Amino acid sequence: MIRFELLGRKSAEVASFLLSSGIILGLLIYLGMAYNTQESPDFLDMKASVLTEKIRRSGAHYIIPIKLENKGEKTPVRARFRIEVSGANYTIDVEYLSRKSSKMIYWTHEQEVRGPDIKVTLESYQF
Amino acid sequence: MKNMDHYGIRQEIRDLLRGVAGGLIFGTPILYTMEVWFEGQAFPPQKLFFILLASLSLNIFFSYFAGLREKHSSGRFFYALDDGVTSLGLGLVLALFILFLIGQLDFEQHFLGWIGRVIAEASIMSLGVTFTNFKFNKKQSSTRALRSIRDAAASLLSPERLQTRQDLSDLFAATVGALLFSFNVAPTEEITMIASNLSSLDQGLLLISEVIFAFIVLYASGLKEHVTFTKDNFFQSPLNETVLTVSVSLCISAVLISTIGYSDTSPGDPLFLSTAIVLGLPAVIGGAAGRLVV
């Protein structure tokens with residue numbers, strides 16, 4: 001601090017320099033630690049579950065909530081899910097589902113759906 | 001007054017606000033690019049580490065020639081180090097604040113995910129902060145103001161007419177600036193994406209921030225020498241000029257949303273107001289930046 005003041009810096013300028021240094025250093029340390037502790041597998045630990053108790057009718061359609069969870073350390077650019085419902089197959093693409101986070105998607109279907117009638121599985125993904 | 005600033009607080013606040021203005025003008029279009037959010041969020045920690053380190057090095061390097069602070073003297077390493085580090089710190093805080101305002105920091109997400117978004121955006125914004133002295137040269141602004149006063153004195157027009165001319169040119173500059181900054185953002189999906197996720201409270205906060213940003217760019221940063229020819233001119237008072245700039249910019253934003261906007265909304269639709277406020281941010285920054293040029 002004294003050195004900076006000698007170089008023509010006033011206290012406020014030194015304070016913002018130190019605060020900025022603290023933010024940058026803190027981030028660098030955090031990122032270094034995150035790198036050392038990550039498992040970094042090439043497979044995606046992603047789970048899809050149908051919230052059957054929350055299926056609702058809306059007009060002529062049924063709305064099916066599906067929870068997608070990425071439990072892994074990596075964020076896929078794209079993940080493709082296969083939805084099997086009442087004997088028919090559909091696919092949906094989800095982009096950038098962040099590491100260790102979840103997302104809700106809502107599927108609409110024309111017929112009434114019960115728990116065992118619907119199955120959602122991860123088909124493919126891209127990092 | 002200058003002697004009272006023993007700790008340099010007043011000068012430092014002014015320098016940081018200059019940096020905020022520089023960062024906003026340079027980085028606002030990037031903040032509205034979803035590829036930057038998503039890629040930043042997907043980057044692994046080692047990549048983010050190197051992006052942050054590279055940004056720091058670039059900021060220090062460019063600060064050697066340009067710099068953030070008004071009294072910065074180029075060609076000295078300690079000035080470059082000081083300004084470069086502060087520019088990156090300011091860029092990080094600014095990116096964090098704006099991403100929060102536009103609802104792009106999901107706190108349910110893993111910490112690393114939104115840190116990635118902030119670092120990706122801040123690496124660009126901080127360069128805008130670093131180049132503040134190149135973009136807004138105080139001497140050039142003073143010379144321009146002096147020249148317009150000299151031209152006015154030679155023109156033999158009455159002060160009232162000169163003032164009207166000045167007000168109209170300010171209005172024109174705000175319109176052109178707002179149009180320039182928001183025209184290429186208006187047709188993008190991001191505007192609708194952000195707008196549809198903002199609550200009424202979020203929209204209110206964004207609107208208040210737009211007014212504050214306009215005030216920072218126009219007045220608080222001290223980047224512009226304001227020329228007035230008549231006493232107590234209504235349009236040249238800080239509050240009125242800020243409100244006028246924001247209003248003009250929001251009008252431009254509303255017109256662009258209804259003509260070339262991504263979503264098919266029209267006035268009266270709740271999404272219309274929300275999208276106009278969201279597009280209002282680049283429009284307001286552009287409108288205020290336009291007035292700096294006049």
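These are my notes on two chains of a predicted model.

**Entry: chain B on its own**

I began with the secondary structure of chain B and counted twelve helices and zero strands. Reading along the sequence of chain B, I wrote down α-α-α-α-α-α-α-α-α-α-α-α. I then looked up burial. Chain B has 294 residues, and 47% of them count as buried. For the contacts in chain B with a separation of 6 or more, I noted that 83% are between residues 24 or more positions apart.

**Entry: where the chains touch**

How many residues does each chain bring to the contact? I found 28 residues from chain A and 28 residues from chain B. I followed the chain B side further. Five helices of chain B each supply at least two residues to the side that touches chain A: α1, α2 (34-42), α3 (45-63), α4 (77-101) and α5 (111-130). Which helix gives the largest share of that side? It is α4(B), with eight residues. I also sorted the chain B residues that touch chain A by class, and got 17 nonpolar, eight polar and three charged.

**Entry: one helix pair across the contact**

I picked one pair with a helix from each chain. Helix α2 of chain A covers residues 11-37, and helix α1 of chain B covers residues 9-31. Their axes are 7 Å apart and meet at an angle of about 45°. Why do I call α2(A) and α1(B) oblique? An angle under 35 degrees would count as roughly parallel, and 65 to 115 as roughly perpendicular. The angle of about 45° is in neither range, so α2(A) and α1(B) are oblique to each other.

I listed the residues that make this contact. From α2(A) they are Ala12(A), Glu13(A) and Ser16(A), and from α1(B) they are Ile9(B), Glu12(B) and Leu16(B). By class, the contact of α2(A) with α1(B) has three nonpolar, one polar and two charged residues.

**Entry: a sheet in chain A**

I turned to a sheet in chain A. It is an open sheet of three strands in the order β5-β4-β7, with antiparallel pairing. Which strands are at the edges? They are β5 (88-95) and β7 (118-126) of chain A, each of which pairs on one side only. From one strand to the next, the twist averages 25°.

I checked one pairing in this sheet. Strand β4 of chain A, residues 78-85, pairs with β7(A) in the antiparallel sense over eight bridges. As a position to find by eye, I noted Val85(A), which stands opposite Ile118(A) in β7(A).

How values were computed: Residues numbered from 1 in each chain as written. Chains lettered and ligands numbered in written order. Predicted model: local features only at pLDDT ≥ 70, side-chain atom pairs only at ≥ 80, totals over all residues. Axes fitted to C-alpha atoms, helices over the stretch in contact; angles between N-to-C directions. Helix = DSSP H or I, 4+ residues; strand = E, 2+ residues; numbered from the N terminus. Parallel < 35°, antiparallel > 145°, perpendicular 65-115°, else oblique. Contact = placed C-beta atoms within 7 Å. Nonpolar A, V, L, I, M, F, W, Y, C, P; charged D, E, K, R; others polar. Buried ≥ 20, exposed ≤ 12 C-beta atoms within 10 Å, placed from the backbone. Pairing = 2+ DSSP bridges.
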